[in-house]
Each structure stands twice: as C-alpha cells, then as structure tokens.
Amino acid sequence: MTTVLMQKDGETDILVDSTNVTPHEALGWRRAKISISADGQSLIVPRGTYIDIQSGALKLDGVQMVSSAAELNSLDLNEDLRQMVHYSITPDAVSAVSVMAAQNLSGDAQVKTTGLTNPDVPRTVTVKGNVAGVLGDVVISGTNILDAVIEDTIALNETTEVEGVMAFKTVTQVDLPAQSNTPVAQVETATVVGTVTTSGNATVIVTAAGMTGSPKTKSVAVLENDTASDVAGKIRTALGLDADVIARFAVSGATDKVILTRLAPAANDATLNVSIDNGTCAGLTTAATSANTTAGVVTDSVSVGVAKKFGIPHIVENTTLLQEKIFDGSDDNGTLAVDADELEKNLFSLDGTPDGAKVLDLYYLA
C-alpha cells in the first residue's frame, strides 16, 4: 500500500492510502509538498523538516538533526554520527495464543519445537496459564530483529497473561515447566432407593455441561419386585448404550450405585447430576440429586502469545532520540524503552490498538 501525506488548515497531518487521495482533496485536503521558504533560504519538507541553506543543516521544527555542512567539513572521523531512521510496521492484534496454542503440561518439563508460529513483526511475547495454581518458568528461545539468538525467561502467574522483556522476530523453542496441579477426572455417584411395586419405566435424567442432549431423559424398564440393586444394574446398562453419555463418561457401579466417571480430566462440572425417580413404575424413592464423589481438576495448560511492544532495529542511546511516532495516521502516545547492551530490549510500547491493518511509523535518531 502506498500512502500520501495530506494537510488541511487547522487539522493534523494525515497519511492517506493513495487510492483515497481524490476524495480527500474534495474535502479540502491537499498533498503535502516540498517548498521553498518565502525568503528563499530554506527548502521546506512536510512535517516541520527543512534544509537551511545558510548552514547546510537539516532541521526538524527548528532543531538541528544532523551536522551542518561546515561541521561535516571539519568532522573528526572518530566521532559518532547520528542518522534519522524511519521504521514502519503493520502489527497484528495482540493475542494470547498466536505463537503457541494452549499446550497441556505433564508431570515432567517439556520442550516444544513444533507447533510454533513466529510473531508477525518483532515484538514481545506473553505466557498464560489456564487455571489457578499454574506456576513455573517458561523459557522462550528464538532470534531478535537482526537474527541474533536470544532467550527470555517468563514466570507464569496462573491465569494472568505475563509479558516478557525481549522482542522476538522468530520463536524456535518453548521450554515448559512440569504441571502444578494434578489433573483429576470427575466422578458422580447416584444411588437407587426402594423396591419396585408396580412394573413400568423408571425415569433417569442425566445433566452434564457440554454433553449433547443435556439434560438427557432415559426411560428404563423395570419389573415388580426389582430391588434397588436390580434397578441400578438396568440403569447402568441403559446409560452404557447411550452414545451421548459414553462419549463423555465411563459408566460403572455395583449394587445400588450408578457411577459416571469423566473420560478426561476437566474442570469440575457443578451441574453434573443423575436423578432417578418413578416414571410409569411405582415403589422407588425419588433420588433427585447425585453425589459429586470426586471433583474434577483440569489439566494445566500454557499458551504463548504476543503483546504490543515492538522491537526496533537499533540500540538507541536515550528515549529523547525518538522524534516522531505515528499510528494509523495520527500521533501515538506510546513510549520508547532503551537498552545500551541488548538490542531486543529497545522497545516501543504502542498506546493504540493494532489490528493488522493500521500502520506504525517511528522516526528516531540512531
């Protein structure tokens, strides 16, 4: 996409897609152009930049940006020169899972080298656990904006998303800690009470979050004089033949018990219940509520995402060298953090909200 800088009296300069220049001109906007000052002594470039003919210096809003012609002629070649750098990116929206989708932890530490997606642009990464109690260090390995190998260790803080301090261009490896919580499969126990005095159907209702057809009502044929154990056995058989129930639970039990055990550990389902009552039969005592014999505990998992701090391709001496920060055509209130030793810690923290379409332009001296 080509952009055009446009100006309008009383308005802040904007960047416009080249295909939208004509409609903006119809609204009074004009293309920003290089011009000569009224006294003929300066070449004026939009955004307050101009070349002073007398000194031969490049100035931004009256502040000299580089050495003047006279200074350059007497330059000590051992001195450092600064140059204006324009760095432009179009960052995607922040995401907690864009680098690595939630990965289940286990009893041992893991090393992930597959299933990883590089950040769209060099930026800091984040780690996040799925439940309370998920702790430990996640080590992110990869490269910085200039392809040097870097490593960032980020401590998990349960379900809080935690941001690292380095900008990654690529992520090649994620070292995960062992699980903090031991996963547990939920167990629910229903008890049949009574003896059938009139043949017919007992009514069994199974309620479970996420189960197809929940709450699911089953009519189970019973006979006069069936004991609680007889009825429980017939209910176990009926539930064991129901595709929706066995897709989520193992059906078991003995004597007067009907037990459902979650096939995979998951967070405890407080809605899980098995109720038993007379339907067309008689003699059973209503058992409307089953017992949560064992509470479920979800398997720990960790995801890796991206934040909205962006790496720049230079080590910058101090934050005052950031001259202009433009996001989506307007000034942004973001800030620059600098580090004299590690390039990947020179970070611009964006105030605006990236979405994969808005352009961020940084102008700084390096």
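## Close-up views of a predicted model

**View 1. Aspartate 120 counts as partly exposed, at 33% relative accessibility.** This view, like the others, shows a predicted model. The partner of aspartate 120 is arginine 123, and their side chains meet in a salt bridge. The N to O distance is 2.7 Å. Is arginine 123 buried or exposed? At 0% relative accessibility, arginine 123 counts as buried. The bridge thus joins two settings: aspartate 120 is partly exposed, whereas arginine 123 is buried. The structure holds 10 salt bridges; the one between aspartate 120 and arginine 123 is shown here.

**View 2. Aspartate 242 forms a salt bridge with lysine 218.** Their closest N and O atoms are 3.1 Å apart. Aspartate 242 sits in the loop between α3 and α4 (243–246), while lysine 218 belongs to strand β20. The two parts are 24 residues apart in sequence, so this pair ties them together. Aspartate 242 is buried, at 7% relative accessible area. Which residues make up the network around this pair? Salt bridges link Lys216, Lys218, Asp242 and Asp244.

**View 3. The side chains of glutamate 342 and lysine 345 meet in a salt bridge.** The distance from N to O is 2.9 Å. Are the two residues buried or exposed? Glutamate 342 counts as partly exposed, with 27% relative accessibility. Lysine 345 is partly exposed as well, with a relative accessible area of 24%.

**View 4. Lysine 112 is buried yet has no salt bridge.** This lysine belongs to strand β11, which covers residues 110–112. Where is the nearest side chain of opposite charge? That side chain is aspartate 175, and it is 11 Å away. Lysine 112 does have a polar partner: its side chain joins that of glutamine 103 in a polar contact of 3.3 Å. Glutamine 103 also appears among the contacts of lysine 112 once neighbours within four places in sequence are left aside. The others are Met100, Thr172, Gln173, Val174 and Leu176.

**View 5. The largest nonpolar core has 26 residues.** Which members touch the most other members? They are Val192, Val206, Val231, Ile235, Leu239, Leu260 and Leu284. Five elements are listed as giving two or more residues to this core: the strands β19 (200–207), β20 (216–222), β22 (257–262) and β23 (273–278), and the helix α3 (228–240). Helix α3 gives the most, with six residues. In soluble globular proteins, nonpolar side chains tend to be buried together.

**View 6. Leucine 260 is one of the core residues that touch the most other members.** What does leucine 260 contact beyond its neighbours within four places in sequence? Its contacts are Gln186, Val187, Glu188, Val206, Leu239, Val245, Phe249, Ala250, Val251 and Val274. Apart from this core lies another, of 21 residues. Its members include Met100, Val138, Phe168 and Val302. Met100 also contacts lysine 112.

**View 7. A cis peptide bond joins serine 214 and proline 215.** Omega is about -5° here. Where does proline 215 lie? Proline 215 is in the loop between β19 and β20. Both of these strands give two or more residues to the largest core.

**View 8. Aspartate 147 and asparagine 225 have positive phi values.** For aspartate 147, a residue other than glycine, phi is near 75°. Aspartate 147 occupies the loop between β13 (135–143) and β14 (149–157). This residue counts as partly exposed, at 47% relative accessibility. Asparagine 225 is not a glycine either, and its phi is about 80°. Asparagine 225 is found in the loop between β20 and α3. With 55% relative accessible area, asparagine 225 is exposed.

**View 9. Strand β31 (residues 360–365) is mostly covered.** How many of its six residues are buried? Five are. Strand β9 (residues 84–89) pairs with β31 in the antiparallel sense, over six bridges. Tyrosine 87 has leucine 362 of β31 as its bridge partner. Strand β27 (residues 322–327) also runs antiparallel to β31, and five bridges join them. Glutamate 324 stands opposite tyrosine 363 in β31. In a regular strand the side chains alternate between the two faces of the sheet.

Conventions. Residues numbered from 1 in each chain as written. Predicted model: local features only at pLDDT ≥ 70, side-chain atom pairs only at ≥ 80, totals over all residues. Heavy atoms only, no water. Helix = DSSP H or I, 4+ residues; strand = E, 2+ residues; numbered from the N terminus. Buried < 20%, exposed > 50% of the residue type's maximum accessible area, 1.4 Å probe, protein only. Lys, Arg positive; Asp, Glu negative; His and termini not counted. Salt bridge = Lys/Arg side-chain N within 4 Å of Asp/Glu carboxyl O. Polar contact = N/O pair within 3.5 Å; in protein donor to acceptor, adjacent residues only side chain to side chain. Contact = heavy atoms within 4.5 Å. Core = buried A, V, L, I, M, F, W, Y, C linked by side-chain atoms within 4.5 Å. Pairing = 2+ DSSP bridges.
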